[in-house]
Amino acid sequence: MKPAPFAYRRPATLPEALELLAAEPDAKVLAGGQSLVPLLSMRLAAPGLLVDLNSLPDLGEINVAPDGVRVGALVRHADLLASAEARRVQPLLAMALAHVAHATIRNRGTTVGSIVHADASAEMPAVLSLLGGSVTAESASGSRTIPAGELFVGPLESSLRPDEVATSAFFPALPPDTGVGFDEVARRHGDYALCGVAAQVRVVDGAVAAASAGYLSVADVPTVVDLTEALGGAVTDASLAAAGEAALEHLDPAADIHATAAYRAQLVRVLTARVLRAAYADATTEGGSEA
Amino acid sequence: MSEEQHDVRLVVNGVTREIRVPARRLLSDALRHDLGLTGTHVGCEHGVCGACTILVDGRPMRACLMLAVSAEGAELTTVEGLTEPDGSLSPVQQAFAECHGLQCGFCTPGFLTTITAGLRENPHPTHDEAREMVGGNLCRCTGYQNIVKAVERAAAITAETAAAVAETAETPEGAAR
Amino acid sequence: MTTKLMGQPVQRVEDQRFLRGGGRYVDDVLAGSASDTGQQVLHAAVLRSPHAHARIVDIDVDAVLDLDGVHAVWTYEDLAGLSAPMADPLPLLIPHPALTHGRTQYALARHEVNYAGEAVAFVVADDRYVAEDALARIHVSYEVLPPVVGIEAARAAEHLVHDDPDDPAGPVPGNVGARLEQSTGDAAAAVAAAPHRLALDLEVERSACTPLEGRGTVARWDPDTDRLQVWTSTQSSTGVRAAVAVKLGLDLGQVDVVTPDVGGGFGVKINHPWPEELLVPLAARALGRPVKFTEDRREHFVSSAHERAQVQHVEVGFDDDGRLLGLDVTFWHDHGAYTPYGLIVPIITSTQLLGPYKPEVYRVVFESLYTNTVMVTPYRGAGRPQGCFAMERTIDAIAAYLGKDRAEVRAVNFIQPDEFPFDQGLIFQDGRELEYDSGDYPQMLEKIKALVGWDEFPAFRAEMAEQGRRVGIGLACYVEGTGVGPYEGAHVHIETTGKVKVATGLTTQGQGHATVFAQLVADELGVRFEDVEVVTGDTRRMPYAVGTFASRAAVMSGSAIHLAAKRAKEKVLRIAADALEADPADLQIVDGVVSVKGSPGAALDLGTVSVLSNPLRYAFDEASKAATQFSVGDPGKPPVAEDDEPGLEGRDFYSPERATFASGMHAVIVETDPDTAEVKILKYAVVHDCGHLINPMIVEGQIHGGVAQGVGGALYERMAYDESGQLLNASFMDFLMPYVSEVPDGIDIDHLETPSPLNPLGIKGAGEAGVIPSAAVFAAAIEDAERIPITAMPISPSELFELRRTHDRPVVEPAETPHPPKETP
């Protein structure tokens, strides 16, 4: 398990990095490398050139504004998880990040890298999707913003072009009257989830005004389902069960060596109920999430 | 066909080391085979087992999931760098010996580095936090029971030492010594 | 007087090295740059079959030849030219008359590959990176053959694993390698005549040892002395040495095998020789450079060894109390593609299945079957977990059927303390009678019930049920034959410094041998613990040895070391008595000083005794002056007596008539999540009897590790093969070895010490015990929580969820008794 040979450049500026990528179609970008390096070692990926972003200035910043959190391409999961500012503006980030692999991996792995790796069983793509966030992509020919809804196009496939660098991701702030929740079931603590759910619920005068959930590991791409109608305004055993069934209509739980499709569907039901309940409680708790 | 070589400067256990390696050289291999620091072990090479965990600028990371070139300029601490300046065992190492926290010893360096950093961040872990601290490292021998005890014991040793140092510093006799 | 160290929780001496990063594992040998090591080691890699079953049509290595840094690329065709015996199949290590169709692989596949992962070509290059580049350039044409995967397919025998027309050994009809039956009478008749009868169909899946360190071998050929030095991560140095000598056409005396620190074994490293263990020395000799092979994790999954898979059918007849009147067991054992380790695993299952019980009549028959999967050799427990599963599931089923307490049904079947030695009337894995030496199962049952809170459990269950929580309790008992022969030896040498050097030939994989054996020597010789240094697994120091497996190290080498130390002590006393002009019976040794009891002035330290033991012509230092020819000795006698030899040494061997039988009982309380079917361990309790304990800290560590491995085997780990014979989870991502979060938070342990009468220390083995009853005890507890029969292990939440669906009880509250297994007509 040793990587095949590749050329390596560690540019000092972003334009330099973008030029390298423009010139070499068979290039890959290295930030944290926590997904890429094992793929290299198993020779499942064998790029001609690796462009290492780790010397680029400014990409390590977390910018927290009232409208949301912008996370640079070199921000490690651990840094974002530790950011009280980010947690205040969007508490779902920390809730989900705590489930990303183990602490040691979070020390090196980047949140943006995890997003553009586009693994439907990873937490942060689902969170970005649920929140309606976006990724900023830069290339030699310019910059563009890719909304989460257009980013994830297939299993491990994003709409990011090979000549582009995702320089940041933007997670919108928690809207008023809204609560969030996250939970997942994994075989072992820290493993990829068999099913995971992120949810946000807006509560007005005790009634559910809007509810949606983002799902991981139960579809080919991170999938967001609007559950407002299914809940019918209230969080009850019956409405939560209805929400689970409604979610399943949009999902495609598959069997693998760890779980049958039926079991994953069961987890969709169980976790949908648990997480919506938690998000509802979060929205209605005094001094809970910032409104 | 000869592969492009890169000069890489690493500060390993406080000593600046320079190596010349191809870009694909894993940091774990560079430590072991280029620098001869064989205390860092390789158990899976896909980041799951944690045997290769070292401290990179003070934080635990998997050496098998980093390229040596990408660690340019970093300060690295391996198990060989954990002992006290006088060569005695650090509190974490001492706790492992006292609690029988190791058997075959292969996973141990990864635990020692992880816990060393973990206790720096959280010097007084609860029992659950002690378990969480070692939650990303695999051990096939010990069943983790004595490793968790060792985390708690290491925290106690550190606290005892700190208290003793504080007491010594407060007394004039201590100061004179 | 010094305190006796036997029984003390002495801290491990080897830890000082390990904790500083100073462990020396096989991949550390000759590591570092050439300027550091003096010799740049070359690295090997192996091309492995991507197919489970295929005929090799052609291998084209041309593209490798122009790759810089490649020193050798070999296929089967090259082997005969390098060493004629290398062209033969690898040895069948443990032949058995019932193994009528034993097969072993070639070091590199000849005509056919029989599992995905089988070695096909071997490359040596400057480093492992280049070696892997070379592998990618080798082109092999295969004709894919239909694979046989799983016991069902093997039994159906629609396709055969071994039917290569070019194989001189011929085909293996029905995929049956062996069929072995043992009985103590007509079990079928006993079952038929019993008042009650049950039948159970059970299954255990494949798992594996997966030590954190994989396999590895380094070899260096010295052309000046015509000698080979091999370092290998093995459980048997002497085994590898013999195999290498045979296969390379060398005299045994030309081969030294050193086992450095080993990063875990658990059985998989006993299987010698691996193809690589032969190819690496062969390459070192052929190329004149040191060569290293360090397998990677994926290779470990697909090319080492697995265990456990069995399908079992039990028929049992019993009386109203649950007493076993007839027990008739048939099982099918999946041994994978080859049988280098013979029938050891299924023989152990078939004999150790009986545990602490004494059925009136027992019959067992097994078939050992070929499949196109990685071969099967012993994994910690070695067939016992499966036997324990069959027996304990049977007892639980009887209890459920009779509506009796599960502990009571066990108790009525126990061998009683006054019945030892107890002959089970079968032949064990070592070819000797299955005769239990000692034990106290009734007392042990009382201990485990108290430890887990067996009698209090119904109240706890009710309390939990009120909170909507579902809990269950399980109990499982086992007996383990430990310390099998043929022998181990030891050499004890007292240096002129007074330090004691001890060598025994078996190897160490974390059991703390350097500590426990030093405890024994310190006690016997009367020296300070820190003055004793123990070396294991080095054929230069002790060329006669067997290996570390079957929970035998403490029993076998412990006893041998004790005996060797006794011999050394006798010599010490003889020489000292002479020098001190005293009767040996009046001497004592305390902290390394020999003195006359009651007369402390008359004393000699052991270093001086050592000097005196070796009459010298030359003085090398102050101490040795005392031993030169003008200083000592009676000029009227030869300096070395006729029946004596120079040096202060003791050497002895221990070879017991038969194994000694340890025992244990585990109990677990689990909680099952009504929604997600996740299983949580609330309490785990162990009562363990390995006779006298040498070091309780180390024994408990062994139990902890065994229990965790058992939790993995029961709830997380399996080898997931697809029908084409591809292993789908050949990584730590998907082979779910437990992290700390998956093991019990605390394991309650109690000991019972019924000494073995078979060895001088009264000890029994402890290494494997922790893992034996896991599948049985978790199945029992989950069944108790869920009221659904659990007949197959391991079990995942997904499988439990599916079982609930099959039994149409996803959320119903537990009924009073589980579904009884079907009664036989």
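Biologist: How much of the contact in chain C, counted at a separation of 6 or more, comes from residues 24 or more positions apart?

Modeller: In this predicted model, residues 24 or more positions apart account for 81% of the contacts in chain C that have a separation of 6 or more. Of the 825 residues of chain C, 60% count as buried.

Biologist: How many helices and strands does chain C have, and what does its radius of gyration say about it?

Modeller: The secondary structure of chain C comes to 22 helices and 29 strands. Its radius of gyration is 29 Å, close to the 28 Å that the globule rule gives for 825 residues, so chain C is as compact as a globular protein of that length. Along its principal axes, the C-alpha trace of chain C spans about 95 × 75 × 50 Å.

Biologist: Which domains does the assignment give for chain C?

Modeller: Domain 1 of chain C covers 15-145 + 209-303, domain 2 covers 310-484 + 657-806, and domain 3 covers 488-654. The C-alpha centres of domain 1 and domain 3 of chain C lie 38 Å apart, and their contact takes 16 residues from domain 1 and 15 residues from domain 3. On the side of domain 1 of chain C that touches domain 3, the elements giving two or more residues are α8 (237-248) and β11 (255-258) of chain C, and the largest share, four residues, comes from α8(C). By class, that side of domain 1 of chain C has four nonpolar, ten polar and two charged residues.

Biologist: How should I read the places where one chain touches another, and which helix of chain C gives the most to the side that touches chain B?

Modeller: The size of an interface is often given as the accessible area lost when the parts come together. Here the description is by residues in contact instead, and 46 residues of chain C are in contact with 47 residues of chain B. On the side of chain C that touches chain B, α20(C) gives the most, with eight residues, and the residues of that side divide into 19 nonpolar, 16 polar and eleven charged. Elsewhere, 24 residues of chain A are in contact with 23 residues of chain B, and the side of chain A that touches chain B divides into twelve nonpolar, nine polar and three charged residues.

Biologist: How do I read a single helix, and how many residues of α21(C) are buried?

Modeller: An α-helix has 3.6 residues a turn, so residues three or four places apart point the same way. Helix α21 (residues 774-786) of chain C has 13 residues and reaches 18 Å from its first C-alpha to its last, close to the 18 Å expected at 1.5 Å a residue. In α21(C), 13 of the 13 residues are buried, so this helix is largely enclosed by the rest of the structure. After α21(C) comes C:Arg787, whose phi is positive, near 60°.

Biologist: What is phi of B:Tyr144, and where is the cis peptide bond that involves C:Pro486?

Modeller: Most residues other than glycine have a negative phi, and most peptide bonds are trans. Phi of B:Tyr144 is positive, near 70°; B:Tyr144 lies in the loop between α4 (127-133) and α5 (145-170) of chain B, and it is buried, with 28 other C-beta atoms within 10 Å. Phi of C:Ala550 is also positive, near 55°, and C:Ala550 counts as buried with 27 C-beta neighbours inside 10 Å. The peptide bond from C:Gly485 to C:Pro486 is cis, with omega near 0°, and C:Pro486 has its place in the loop between β18 (470-482) and β19 (488-494) of chain C.

Conventions
Residues are numbered from 1 along each chain as its sequence is written. Chains are lettered from A and ligands numbered from 1 in the order in which they are written. This is a predicted model: local features need pLDDT of at least 70, side-chain atom pairs count only at pLDDT 80 or more; totals for chains, interfaces and linings use all residues. Domain bounds come from an automatic or database domain assignment. Two residues are in contact if their C-beta atoms, placed from the backbone, lie within 7 Å. Ala, Val, Leu, Ile, Met, Phe, Trp, Tyr, Cys and Pro count as nonpolar, Asp, Glu, Lys and Arg as charged, and the others, Gly among them, as polar. The radius of gyration is taken over C-alpha atoms; the globule rule is 2.2 Å times the number of residues to the power 0.38. A residue is buried if 20 or more other C-beta atoms lie within 10 Å of its own, exposed if 12 or fewer, and partly exposed in between; C-beta atoms are placed from the backbone. The expected span of a helix is 1.5 Å times one less than its number of residues.
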